[in-house]
Amino acid sequence: MPPERDWRAPPEKNAGSDALQYADIALGYVSRNLRYRADYARALARVKRGAVSADEATAALVRRWGISFHAAPPSAYDPKLAVARPDLSPASVILAPAPADLGTAQRLDLKMLGAVRARMTLGGLLHFILADPDGDAHVWVSGSLDKPLAMMLPIGADLIARLASAERLRRRLLGIATGPPALRPPPFRLQHLLTLLRVLDGREAGASRKELAAALIDGGVTGYSAAEWVECRERKRIGRWITEALELRDGGYVRLLRGG
């Protein structure tokens, strides 16, 4: 299970917090979904019994949920080993065999990838998580590494974000600074999404709406009478936050993968 959280304590500021991508936030929501937790626990148990490999279990979770922690028991719930479906996450770069007449295409030199946090085989695709202090990169490879590869850029609403992800990989292969990823929430949006995670943690801990409002909006509501509480704007706001947080936990997190 994910580590216990004190919902009243604001998120700790650490060296990696500025590098949070939308996929990292989406992972926070799915990890609070009880059905996902149960599914992930079953996957870990199957891996421990030797019924499936960690990569096979992870592939099934990613297909079902859109994003998942890697299902390796020694590294359970490690956010650095989380994987999102490439069709849902434009932060992913997809490489595929290049057409035979595309003479400029080259094979992928793994030495040029730099620090590789993880290498997995998921659903027949090779997946690399590339460590980067500005935000890890995810690369999916279809086909053999021994043949020339080309980047796939599906035409659609995510094209600009996918182009930005492809540019980060290009810079990495050239050995120059990649810069920040495109799908990183701005500070205000990040703070709101993290606050909604605290809303979920508070509800799971049994906090009332008034307790949530006091901790997350205005401590003065603790002194409100019953009539004042019914009519106050803090009660209405926490109600909206609860609705939004539950919707994100129960499937809306998929939008975050696209930067929504």
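In the predicted model, strand β7 and helix α4 each contribute at least two residues to the lining of the second largest pocket. The volume of this pocket is about 420 Å³. Its lining comprises 16 residues, of which Q106, R107, L149, M151 and L173 are the closest to the pocket centre.

The strand that takes part in this lining, β7, belongs to an open sheet of 5 strands with mixed pairing, arranged in the order β4-β5-β6-β3-β7. Strands β4 (116–122) and β7 (149–152) form the edges of the sheet, each pairing on one side only. On average, neighbouring strands of the sheet are turned by 25° against each other, direction ignored. The partner of β7 is β3 (residues 92–97), and the two strands pair in the antiparallel sense over 4 bridges. Within this pair, I94 stands opposite M152 of β7.

Helix α4, which also supplies residues to the pocket lining, spans residues 159–173. The helix lies across four strands of the sheet, namely β3, β5 (125–130), β6 (137–141) and β7. Relative to β3, α4 runs at about 75°.

One residue of α4, R168, was examined further. R168 has a relative accessible area of 8% and is therefore classed as buried, the cut-off being under 20%. The side chain of R168 is joined to that of T178 by a polar contact of 3.3 Å. When residues up to four places away in sequence are not counted, R168 touches D132, D134, G135, D136 and A137, and also T178, G179, P180 and P181. T178 thus appears both among the residues touched by R168 and as its partner in the side-chain polar contact. Of the residues touched, A137 lies in β6 (137–141), one of the strands that α4 crosses.

These elements are part of a protein chain with 8 helices and 7 strands. The chain has 260 residues, and 47% of them count as buried; R168, at 8% relative accessible area, is one of the buried residues. Along the principal axes, the C-alpha trace of the chain spans about 75 × 40 × 30 Å. Among contacts between residues at least 6 apart in sequence, 65% join residues at least 24 apart.

Methods:
Residues numbered from 1 in each chain as written. Predicted model: local features only at pLDDT ≥ 70, side-chain atom pairs only at ≥ 80, totals over all residues. Heavy atoms only, no water. Buried < 20%, exposed > 50% of the residue type's maximum accessible area, 1.4 Å probe, protein only. Polar contact = N/O pair within 3.5 Å; in protein donor to acceptor, adjacent residues only side chain to side chain. Contact = heavy atoms within 4.5 Å. Pairing = 2+ DSSP bridges. Axes fitted to C-alpha atoms, helices over the stretch in contact; angles between N-to-C directions. 1 Å grid on protein atoms, 1.4 Å probe; cavity = no way out; pocket = protein on both sides within 12 Å on 5 of 7 lines; lining within 4 Å. Points joined across faces, edges and corners; volume = space filled by probe spheres on them.
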